[in-house]
Amino acid sequence: MPPLVAPVRGLVMCRVVSAVCRLPSAVCRRTLAAFAGHQPVTSIVNTVRNPFSGQPVGTEIWVALAWCLGILELGYALSVMVYRRCAG
């Protein structure tokens, strides 16, 4: 199994669990409550859906872009780290 499969699988499972289990933010830990309140899927879906439903995109697009860029940067940093470890 490639070295990056297990962490990616873990992240996917965390996303599945966070999508299925809906808890009120008040009962979550502070870090989990912050993620639940500002998770990327809602802002991205709203940004894509609003123009098709005839509504303005609004400021939600900046949140969606920030999440996409953050995830891209994190993926880039992790891939460089794994490449350097394997190559060197």
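## Helices H3 and H4 in a predicted four-helix chain

At 6% relative accessibility, Ala64 counts as buried, and this residue of helix H4 is a convenient place from which to enter the structure, which is a predicted model. Leaving out residues up to four places away in sequence, Ala64 touches Ser43, Ile44 and Thr47. Along the sequence, Ala64 is 19 residues from Val45, while in space the two C-alpha atoms are 8.6 Å apart.

The wider setting can be given briefly. The chain contains 4 helices and 0 strands, and its elements follow one another in the pattern α-α-α-α. Of its 88 residues, 10% are buried, and its accessible surface comes to about 7,300 Å², with 71% of that area belonging to carbon and sulfur atoms.

Two of the residues touched by Ala64 can now be followed in turn, beginning with Ser43. Ser43 lies in helix H3, which covers residues 40–52, and because its relative accessible area is 3%, under the 20% limit, Ser43 counts as buried. Apart from neighbours within four places in sequence, the contacts of Ser43 are with Glu60, Val63, Ala64 and Trp67. Helix H4 spans residues 60–87, so these four contacts of Ser43 all fall within the range of H4.

Thr47 likewise has its place in helix H3 and is buried, with a relative accessible area of 13%. With neighbours up to four places away in sequence set aside, Thr47 is in contact with Val57, Glu60, Ile61 and Ala64. One polar contact can be described in more detail, since the side chain of Thr47 reaches the backbone oxygen of Glu60 at a distance of 3.4 Å, within the 3.5 Å limit for such a pair. Glu60 is thus named among the contacts of Ser43 and again among those of Thr47.

Which residues of H3 are buried? They are Pro40, Ser43, Asn46, Thr47 and Asn50, and their spacing can be read against a general property of helices. An α-helix has 3.6 residues a turn, so residues three or four places apart point the same way.

Asn50, also in helix H3, counts as buried at 13% relative accessibility. Its contacts, not counting neighbours within four places in sequence, are with Gln55, Pro56 and Val57. Val57 is also listed among the contacts of Thr47. Asn50 and Glu60 are 10 residues apart in sequence, and their C-alpha atoms are 9.8 Å apart in space. In the stretch just after H3, Gly54 takes a positive phi of about 80 degrees.

On the other side of H3 in the sequence is His38, found in the loop between helix H2, residues 30–37, and H3. Is His38 buried or exposed? At 56% relative accessibility it is above the 50% limit, and His38 therefore counts as exposed. His38 and Val63 are separated by 25 residues in sequence and by 8.8 Å in space, taken from C-alpha to C-alpha, and Val63 is one of the residues in contact with the buried Ser43.

Helix H4 also contributes to the surface. Trp62 is found in H4 and, at 61% relative accessibility, counts as exposed, whereas Ala64 in the same helix counts as buried. Together, Ile61, Trp62 and Leu65 make a nonpolar surface patch of about 320 Å². Ile61 of this patch is also one of the residues in contact with Thr47.

The cysteines Cys68 and Cys86 can be considered last. Cys68 counts as partly exposed at 38% relative accessibility, while Cys86 is exposed, with a relative accessible area of 57%. A disulfide is a covalent bond between the sulfur atoms of two cysteines. With a limit of 2.5 Å between cysteine sulfur atoms, the count for this model comes to 0 disulfides.

Conventions:
Residues numbered from 1 in each chain as written. Predicted model: local features only at pLDDT ≥ 70, side-chain atom pairs only at ≥ 80, totals over all residues. Heavy atoms only, no water. Buried < 20%, exposed > 50% of the residue type's maximum accessible area, 1.4 Å probe, protein only. Contact = heavy atoms within 4.5 Å. Patch = residues over 30% accessible without salt bridge, like charges linked within 9 Å, V, L, I, M, F, W, Y side chains within 5 Å. Areas by Shrake-Rupley, 256 points an atom, 1.4 Å probe, with all protein chains shown as cover. Salt bridge = Lys/Arg side-chain N within 4 Å of Asp/Glu carboxyl O. Polar contact = N/O pair within 3.5 Å; in protein donor to acceptor, adjacent residues only side chain to side chain.
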